[in-house]
Amino acid sequence: METELLRWIVLLPLLGFFAGVFAARTNRPELARFTGPAVVLAAFVVVLISVGRLWSLPADGALVDKMFTWIEAGPLSIDFTFRIDRLTSVMLLIITGVGSLIHLYSLGYMDHEPDVARFFAYLNLFVSSMLILVLADSLPVLFIGWEGVGLCSYLLIGFWYKDMNNADAGQKAMIANRVGDAAFLIGMFLLFWSLAQVGTASLNLQSINEQAPLLAEKLPWVPTVVCLLLLIGATGKSAQIPLYVWLPDAMAGPTPVSALIHAATMVTAGVYMIARLSFLYVEAPGAMDVVATIGALTCLFAATMAIVQDDLKKVLAYSTVSQIGYMILGVGVGAFAAGIFHLMMHAFFKALLFLCAGAVMHALHGEIRMSHMGGLGSKMPITAKTFLIAAMAIAGVPGFAAFFSKDMILEAAFVSGHTLQWALGLIGAGFTGFYVFRGYFRTFTGESRLDPEVAAHVHEMPRVMTVPLMILAVLSIVGGWIGLPFGLLWGDAIGHYLSPSLATPHGHHGHPTTGTLLFLMTLATAVALFGIWWAWTLYAKSPQLLETVYARTRGVYTVLWNRYWVDELYDTLIVDPYKRTSRFFWKGVDAVFIDGLVNGVGAVVTWNAGVWRRLQSGNVSHYALGMLAGAVLLAGATWLVLQN
Amino acid sequence: MTEHYLVLAAILFAIGGLGVLIRRNVIVILMSVELMLNAVNVTFVALARQHGSMDGQVIVFFVLTVAAAEVAVGLAIILMNFAQRKTINADEIRLLRG
Amino acid sequence: MTLFWILACVTIPAALTVILHRNPVYSALALVFTLFQVAIMFVALDAHLIAFLQIIIYAGAIVVLILFAIMLLSLEPEEPGDGRSSLRAAGWGAAALLGLELVAIAAVFPDTPAAEKPLPEGYGSVAKIAERLFTTHLLPFELTSVLLLVAVVGAVVMARRRTGP
């Protein structure tokens, strides 16, 4: 169905960006404080209207808004078109809905920030880029959004750029993303080229999905290679192994940024992209196995690092990496709907966790180390309660959000035969419960380890910040109820809702027995509850045990504390040789060779001029000699001519 | 017959040119230039006679006039230069040195 | 013909004296002598008016001017060792070469078919030259007068500069 409504979803936040720039330039922060949240709320309203219209269409219907023809170059024709189908609708609601809440929260969080106009400008630009990404009808347009969110991530991580650490963190994010983006581009090119060989050359997403089986038949290696390349791109954007290293550092940015970008939206772009191209991925089972393995490995790997962090935001950062691992695992085993389901749940509880952390940090004037917290629950009751709800959601306590989504993923993994990945995910669930409740207990309960003068000023946040927390808390509880197992009530509503947009993998196993499902569910819940219990024991009930545990696990602890020395490894293997090469090209080639060449030309010219300058002696006799010499030559020539 | 005069004129011209190059005294250089001019005049007249035309002689008429003017101005310059620099040595006049 | 050879044998040494003698006064005198020889050459070539003018202008005016200048400057005879030897050698070489070439050219200069064409009536006379000057070559004639004016003004201006206000 054609409509001109969709463009406003993107244009409104974009207008907000320009307003923010204007406000920053003309030093009118109040303007940005109004437009920043307003445009996102307006976009949310437009999204609601659009989704309402979408629901009036049949199951596989879509809203389309073609804005203009972007590229017409031989066989390549790309229109700048926005398209909403059911998958898009879910993403849009998350981005604009959770986005609005975070914008409102930011009004309170950034109230002492002089540069707030620039902040909202960047935040709005981010939202519009992310919306372009999910609304895109073709890969290049998607890539515009993809790059746009990468840029905004860089800008926002390094928001307080005067501190070199923040700037470095932003740069690290950009570079890691870039590596992924390069792979993404190559994948896109390969896809186009191969489609030109076997079918219709097009980068339109519908067209790609439709031609996927044809491609698999004629050029069987292409889907696998393309999917792997796109996966590398996804690991950059969604912070999976091997390109996750930027996300922990990204905590240098303001906390609302962490909540919006590094929890709810940008980092989920990779998952969305794979789900969007699900029809292509199901034609490449080998690639899907790789996807699932990377997801599972990352899930456990990151969870192990989360359990030893002192910085509360870093715990949440590693948690994000780990949870996205679940999503990637989900789409890797063919449970695309489950992956998206978890994406949505994660947006709720992770954003909530980050916003709570931000509230704590704001109350403690910048302190974020849990070793300097404790007992904040009494002073910040709303924050503490909502954090607890989010913690229960993420851990997978039955009835709360992730209980349903995580379960669906693990179930799909087990049933499709990916037992190893299932096991990794299961253990990861245990770690999840542990680290998140460790966070809760260390921050909000127990004795206060606060700095005395900080402790005196601790108070709960204003309503503009606590109301979003409460809304997200409610969503963290009821959100999961859209995907009920065993066909209870409305059953797997989310799965049914999304199925027209998503593919089913080949060789899909039939429905497992209720008994198997119940067993898996119980196992997962048990593991999660064990993690929670262990955290409670160590950090709430018997803190004295910490010493014993620590003494016994020194070696392991060191490895985890140093994050497996991955950053150091990258430095040695990649960054240092690169720097050495650059230095060589700078000092060796540029300074010596090229400058030598250029300066050499100048030197030769100067030398030459010096030689010829001696001709200008000022002595008339010399000049006369010259003239006579010329006359001699002329006379000679004349004589020669006369001879003939 | 004409060629004889032409050869003579050529020799005179070469002698004049030699004088210009060898001598340091600017007045002698000027005299050498006059010698060259005279050689040219001889050439013109000889050729005019060969062709029976008056035009060669008219040219010589003009050369004579211009040479007179030129000597006048040239000597004025030399005298001015001498007044400034007390020298008529061509080697020591090097203001146009590059 | 004999006239020619006498002239040649007299003129060339005189010319050499002009350029080679150390004393500039002797050079000037040799120059006068040379100019007289040239005037005689003009007579032999039936250019009577030109011969007159040669003597009047060259020998009468120009050389006198030169002598004035020489006397005014009270010049010392020039030292023979003056000037760089490389330049002198180059000068000798170039001049010699030029002389050879010009002689060669002169020697092969094409003759008109009738070597001794009968000369027209009044060739070389005042009337004939005047006829040319006032008809075909009127413009150069007028311009020459302007040139002379310029030369006179220039010489006067230059002489005046020192004693100006």
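**Exercise 1. Place Arg178(A) and Asp181(A) in the chain, then follow the salt bridges of Arg178(A).**

Solution.
Step 1. Helix H6 of chain A holds both Arg178(A) and Asp181(A), three residues apart, about one turn of the helix. The model is a predicted one.
Step 2. The two residues form a salt bridge, with the closest N and O atoms 3.0 Å apart.
Step 3. Arg178(A) also forms a salt bridge with Glu147(A), where the closest N and O atoms are 2.8 Å apart.
Step 4. Glu147(A) sits in helix H5 (residues 139–157) and Arg178(A) in helix H6 (residues 164–198), so this pair ties together parts that are 31 residues apart in sequence.
Step 5. Check exposure. Asp181(A) has a relative accessible area of 4%, so it is buried. Arg178(A) is partly exposed at 39%, and Glu147(A) is partly exposed at 24%.

**Exercise 2. Which parts of chain A does the salt bridge between Asp79(A) and Lys66(A) tie together?**

Solution.
Step 1. The closest N and O atoms of Asp79(A) and Lys66(A) are 3.5 Å apart. The cut-off for a salt bridge is 4 Å, so the pair qualifies.
Step 2. Asp79(A) lies in strand E2 (residues 76–84) and Lys66(A) in strand E1 (residues 63–73), so the bridge joins parts 13 residues apart in sequence.
Step 3. Both ends are partly exposed: Asp79(A) at 26% and Lys66(A) at 42%.
Step 4. Widen the search. The whole structure has 15 salt bridges over all chains.

**Exercise 3. Describe the largest nonpolar core.**

Solution.
Step 1. This core has 223 residues; Trp246(A), Ile274(A) and Tyr281(A) touch the most other members.
Step 2. Helix H15 (residues 336–363) of chain A gives the most to this core, with 22 residues.
Step 3. Take Tyr281(A). Leaving out residues up to four places away in sequence, its contacts include Cys227(A), Leu230(A), Ile274(A), Met288(A) and Phe336(A).
Step 4. A second, separate core has 76 residues, among them Val58(B), Ala8(C), Phe42(C) and Ala106(C).

**Exercise 4. How does H22(A) compare with its expected span, and what covers its buried residues?**

Solution.
Step 1. Helix H22 (residues 514–541) has 28 residues and reaches 37 Å from its first C-alpha to its last, close to the 40 Å expected.
Step 2. Its buried residues include Leu517(A), Met521(A), Gly531(A) and Tyr539(A).
Step 3. The cover includes helices H16 (381–395), H17 (401–415), H18 (419–444) and H23 (545–552) of chain A.

**Exercise 5. Characterise the interface of chain C and chain A.**

Solution.
Step 1. In contact are 13 residues of chain C and 13 residues of chain A.
Step 2. The two chains bury about 1,000 Å² between them, 80% of it on carbon and sulfur atoms.
Step 3. Salt bridges across this interface number zero. One residue pair is in polar contact, both at pLDDT 80 or more.

Methods:
Residues numbered from 1 in each chain as written. Chains lettered and ligands numbered in written order. Predicted model: local features only at pLDDT ≥ 70, side-chain atom pairs only at ≥ 80, totals over all residues. Heavy atoms only, no water. Core = buried A, V, L, I, M, F, W, Y, C linked by side-chain atoms within 4.5 Å. Buried < 20%, exposed > 50% of the residue type's maximum accessible area, 1.4 Å probe, protein only. Helix = DSSP H or I, 4+ residues; strand = E, 2+ residues; numbered from the N terminus. Contact = heavy atoms within 4.5 Å. Expected span 1.5 Å × (residues − 1). Buried area = accessible area lost by both parts, 1.4 Å probe. Salt bridge = Lys/Arg side-chain N within 4 Å of Asp/Glu carboxyl O. Polar contact = N/O pair within 3.5 Å; in protein donor to acceptor, adjacent residues only side chain to side chain.
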